[in-house]
Structures are given as structure tokens and as C-alpha cells.
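User: Please take a close look at one helix of this model, the last one along the chain. Then set that helix in its surroundings.

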Amino acid sequence: MTTTWTNREILKSYFRGMTDLECELIEQDSERANKYRHENMVFVQEIKRVLDEFCKQLTPEVKDMYVSKYKENKPFIEFYNVVAPTGYIMALNKELNALVSKIERPKQRLYA
């Protein structure tokens, strides 16, 4: 079994609040570090940094839209022209996916 971080999995983790929890756990248990744990720590902290910066530019309504999308699996079509114009939401999605694609993933490992 391998661990694969797709853009969608990263976004789901962030907007569901799991990334915040992982960062808290990292801070609480920082003395137990090895190569793989260090790679994951850097990865999680980079996700939080990049997506926090992105979310700072969003209105509360748009941020709630992303939470609903990735937490409750609501389709974006429900938000078009309600929360923001369709073109604006599509442009934000393109920008968000480009940002997440640039985040360096930890090397995949096989677990037995």
C-alpha cells in the first residue's frame, strides 16, 4: 500500500481542519523525529502555509464555499452566481490547484 497525496486529498485535509490538527500534533511531539517524519512535518507545514496565504485573500462566503465543497462534498455548481460569479470561482479554483500542485510531496513509500 502506498500513500499518495493528490491535490484533492490535500484540499480535503486542509478544509476539513485535519492539517491544523496535524500541525498541533507535530508541535506536541517534535522530539521523536526520523527522516520520514521530518519529510511529513515539512510537507504538512508547507500545506498550511500555502493554503493559509491563499485563504487570506478570500471573503468569508468564498471560504465557506470551499469548506462546504471539501467537507460536505457539495458541487461548485451550487455556488455559481450565488456566492460569487462563475468566472471568479473558476479562476480561484485554477489558482488553488496550481498552488497545491507546486507543493513538493514526500517520497512515496511502501508499507507492509
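The answer below starts with the chain, turns to the helix, and then moves outward.

Analyst: This is a predicted model. The chain has five helices and zero strands. From the N terminus the order reads α-α-α-α-α. Of its 112 residues, 34% count as buried.

Helix H5 spans residues 86-102. That is 17 residues. From first C-alpha to last, H5 reaches 25 Å. The expected figure is 24 Å at 1.5 Å a residue, so the two are close.

Which residues of H5 are buried? They are Ile89, Leu92, Asn93, Leu96 and Val100. Why do they fall on the same side of H5? They cover an arc of only 100° around the axis, and that places them on one side. The general rule is that an α-helix has 3.6 residues a turn, so residues three or four places apart point the same way. The face turned away from the buried side tells the other half of the story. Lys94 and Lys102 sit there, and both are exposed.

Next comes the stretch before the helix. The loop between helix H4 (60-72) and H5 holds Asn73. Asn81 lies in the loop between H4 and H5 as well. Phi of Asn73 is near 60°, a positive value in a residue other than glycine. Asn81 also has a phi near 60°, again positive and again not in a glycine. How do they stand in terms of exposure? Asn73 has a relative accessible area of 46%, so this residue is partly exposed. Asn81 has 59% and counts as exposed, because the cut-off for that class is over 50%.

Now the stretch after the helix. The second largest pocket is lined by His38, Glu39, Val42, Phe43, Glu46, Glu104, Arg105, Pro106 and Lys107. Its volume is about 150 Å³. By class the lining has five charged residues, three nonpolar and one polar.

Phe43 leads on to a second space. Phe43 also lines the largest cavity, along with Trp5, Ile10, Ser13, Thr19, Glu22, Val44 and Ile47. Helix H1 (7-15), helix H2 (18-28) and helix H3 (35-56) each give two or more residues to that lining. H3 gives the most, with three residues. The lining divides into five nonpolar, two polar and one charged. The space inside is about 30 Å³. How many cavities of 30 Å³ or more does a search of the whole structure find? The count is one.

Last, the aromatic rings. The whole structure has six aromatic pairs. One of them joins Tyr14 and Phe15, with ring centres 5.0 Å apart and planes at 85°, so this pair is edge-to-face. Both residues are buried. Ring pairs link Tyr14, Phe15, Phe54, Tyr66, Tyr70 and Phe76 into a cluster.

Back to the helix itself. H5 has a buried side made up of Ile89, Leu92, Asn93, Leu96 and Val100, and its opposite face carries exposed Lys94 and Lys102.

Notes. Residues are numbered from 1 along each chain as its sequence is written. This is a predicted model: local features need pLDDT of at least 70, side-chain atom pairs count only at pLDDT 80 or more; totals for chains, interfaces and linings use all residues. Side-chain values use heavy atoms; hydrogens and water are left out. Helices (H or I, at least four residues) and strands (E, at least two) are DSSP runs, numbered from the N terminus. Buried means under 20% relative accessible area, exposed over 50%, partly exposed in between (1.4 Å probe, protein chains only). The arc is that of the directions from the helix axis to the C-beta atoms. On a 1 Å grid over the protein atoms alone, a cavity is a set of points where a 1.4 Å probe fits but cannot get out, and a pocket is an open set with protein on both sides within 12 Å along at least five of seven lines; lining residues have an atom within 4 Å of a point. Grid points are joined across faces, edges and corners, and a volume is the space filled by probe spheres set on the points. Ala, Val, Leu, Ile, Met, Phe, Trp, Tyr, Cys and Pro count as nonpolar, Asp, Glu, Lys and Arg as charged, and the others, Gly among them, as polar. Rings of Phe, Tyr and Trp (its six-membered ring) pair if their centres lie within 6.5 Å; planes under 30 degrees apart count as stacked, over 60 as edge-to-face and the rest as tilted.
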